[in-house]
Amino acid sequence: MKILGISAYYHDSAAALVIDGEIAAAAQEERFSRIKHDDRFPHRAIAACLHQAKSNIGEVDAIVFYEKPFLKFDRLLETYLAMAPRGFTSFRKSMPLWLKEKLFLKNQLLSEIRKIEPAFSEEKLLFSEHHLSHAASAFFASPFERAAVLTLDGVGEWTTTSISVGARESDSTTATLKRIQELQFPHSLGLLYSTFTTYAGFKVNSGEYKLMGLAPYGTPKFEKLIFDHLIELKDDGSFRLNLEYFDFCTGIKMFSPKFEALFGGRARLPESTITQHTADIAASIQFALEKVIARIVIHARAATQEKNLCLAGGVALNCVANGKILRSGVFDKIWIQPAAGDAGGALGAALSAHHLHFKKPTPRNKPATDWMRGSYLGPQYSDQEIEAELERAGAVWHKLMPEELIARAAKSLKSGYALGWHQNAMEFGPRALGNRSILADARSPETQTVLNLKIKFRESFRPFAPVVLFEKVHEWFDLKTESPYMLLVDAVHHSQLRPSQQTNAALFEKLKTQRSTIPAVTHVDNSARIQTAHKETNPLLHALLPEFEAQTGVPCLANTSFNVRGEPIVESPTDAFRCFMGTDLDALAIGSYWLEKSEQKPELHQKYHQSFSLD
Amino acid sequence: MSFLKEFFAFLKENKKLWLIPLLVVLLGVGGLLIVAKSSALAPLIYTLF
């Protein structure tokens, strides 16, 4: 049975193809359209998934949309009703969109699908529910046969937070995913965090990572204010927001004037100087978020009596909070869906239809890790295709054998190269996990500044993540388990730390302190957002790290997404070459091909990063 | 027509028939707003709809 899941018309549209319960392919539309967070119908992503699985849309048994538009409309209307007459501004802006398009989403979806397959039958179009899609993406893609499932995000239809219990047996048709408790709009951790994101001058839905990265520069001095005024937290982790401080129900901003007054002034303007106050705001909301999540997790364990925990929803991308859940030991094991945001809803919609609607069995051949195949679920290019694209672009290259490529990459990284690394299948989800990545030497004190300012063209305070050989992770970090999706933060191992010389340094001066033997990936609180490389899912990356270790003694590299600020991560070899020529990257490895910047034609250099709006 | 049938079925299923009188009024106002052509929302807010 072939089931296609779709998320669209909100943010991050995506497609995922599930064949007989296995994830055959998944991709986000933004990677193909080159528009960040593209929310249009995912025509290109669908085409890519079908191409990858050598299928066509006529063979698809069902297409599942990841949420229920009527239920969402109901939430909007009831909210406006409850708030009337205050919500008129928001009502005036949202109603035309709903009455013209979103209320008739089924027709719109059918119309778009029929552009691909004119004979597509209406009966084949199904609708999941937003948090069911998230929960299914977490549980059915996880390695567990039983687990508690926690979803946390901004809002779907009504639900903002849910606890479910998932159970399945191999080759059995009895899989279940039962929601036992939920919190509803407007009481939402995602919306709370996003409110602080905008207050700190970052964009909603992309700036949350920045706020999390900024938090270690501050102290959580506003934590008490948050719990005294903004959020009422109960012992079981349930909470209520005090809507006097928020404007998202009725206005066109996230926070109210009262919120600004409480935190000592107007919101920071985007791109203006980041002050200690901004960092303290970031630290405070991060602290508050972790406190709420900790209570929810304890409650989830007690309420479900399960030993394993699965997580999804946009808040589950907060890897600092995830690391704390893991270290709390409340659950024996945790697993986080790498596409935890709305893109992953496409995958969850397809998986929920397979297991729960059609009641089809869990496949027998369970992989060693989980069902996500390292999240390398997107398109990949043969050497022939790569060469054709490079030829068209006018590139100069050297074709290398795999062992030569690895040796050359390791040697170049050792000498300080920033290396574009475009290999095999593209990642699904927001993180580049070593197939559409920029790699650099984690030992170099200059790496962070060079990557941030000359290659990514992004804020200088943002940390980079290490990718480390799984077998050696315990020697370099406190982490005791695998983290293949870069979704767990833990401390750099004490044996790698250096005595700090500037403990009282001001704000971003802290960044200049050499804290460890791998300063490029050590944040100011000595933590790191760790990715472990595994032979089973990424043999090439897993081979590169020991080669780099043989030359440097360090089995770890800095890994960041292959893009510039505001640009979707590169998808094709052409995208990769354009990014290579538009930045200070020193070399590019695409498939078997090695490209040196110094050998490229000068007329192909371009400055294109300004063509993307800032994220 | 099939849309109206489905929407009615949704309201019935979810015990939301009480919304119908309000819907008529709200949709009437909403319809007028379409005619008035509103501008798009600035990206200052989490997309709630």
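In this predicted model, the C-alpha centres of domain 1 and domain 2 of chain A lie 30 Å apart, the domain bounds being taken from an automatic or database domain assignment. Local features need pLDDT of at least 70, side-chain atom pairs count only at pLDDT 80 or more, and totals for chains, interfaces and linings use all residues. Residues are numbered from 1 along each chain as its sequence is written.

**Domains of chain A**
- The assignment gives domain 1 as 2-186 + 294-371 and domain 2 as 383-611.
- In contact, meaning heavy atoms within 4.5 Å, are 29 residues of domain 1 of chain A and 24 residues of domain 2 of chain A.

**Nonpolar core**
- The largest nonpolar core, a set of buried Ala, Val, Leu, Ile, Met, Phe, Trp, Tyr and Cys residues joined through side-chain atoms within 4.5 Å, has 220 residues, of which A:Phe196, A:Leu230, A:Phe263, A:Trp421, A:Phe477 and A:Leu544 touch the most other members.
- Helix 11 (residues 276-304) of chain A gives the largest share of this core, 11 residues.
- Both domain 1 and domain 2 of chain A give residues to this core, so it lies between them.

**Helix 19 of chain A**
- Helix 19 (residues 573-581), where helices are DSSP runs of H or I with at least four residues and strands are E runs of at least two, numbered from the N terminus, has seven of its nine residues buried, which is to say under 20% relative accessible area with a 1.4 Å probe, protein chains only.
- The buried residues of helix 19 of chain A, including A:Phe577 and A:Phe580, pack against elements of chain A, among them helix 14 (383-393) and strand 14 (419-422).

Terms used: Chains lettered and ligands numbered in written order. Heavy atoms only, no water. Buried < 20%, exposed > 50% of the residue type's maximum accessible area, 1.4 Å probe, protein only.
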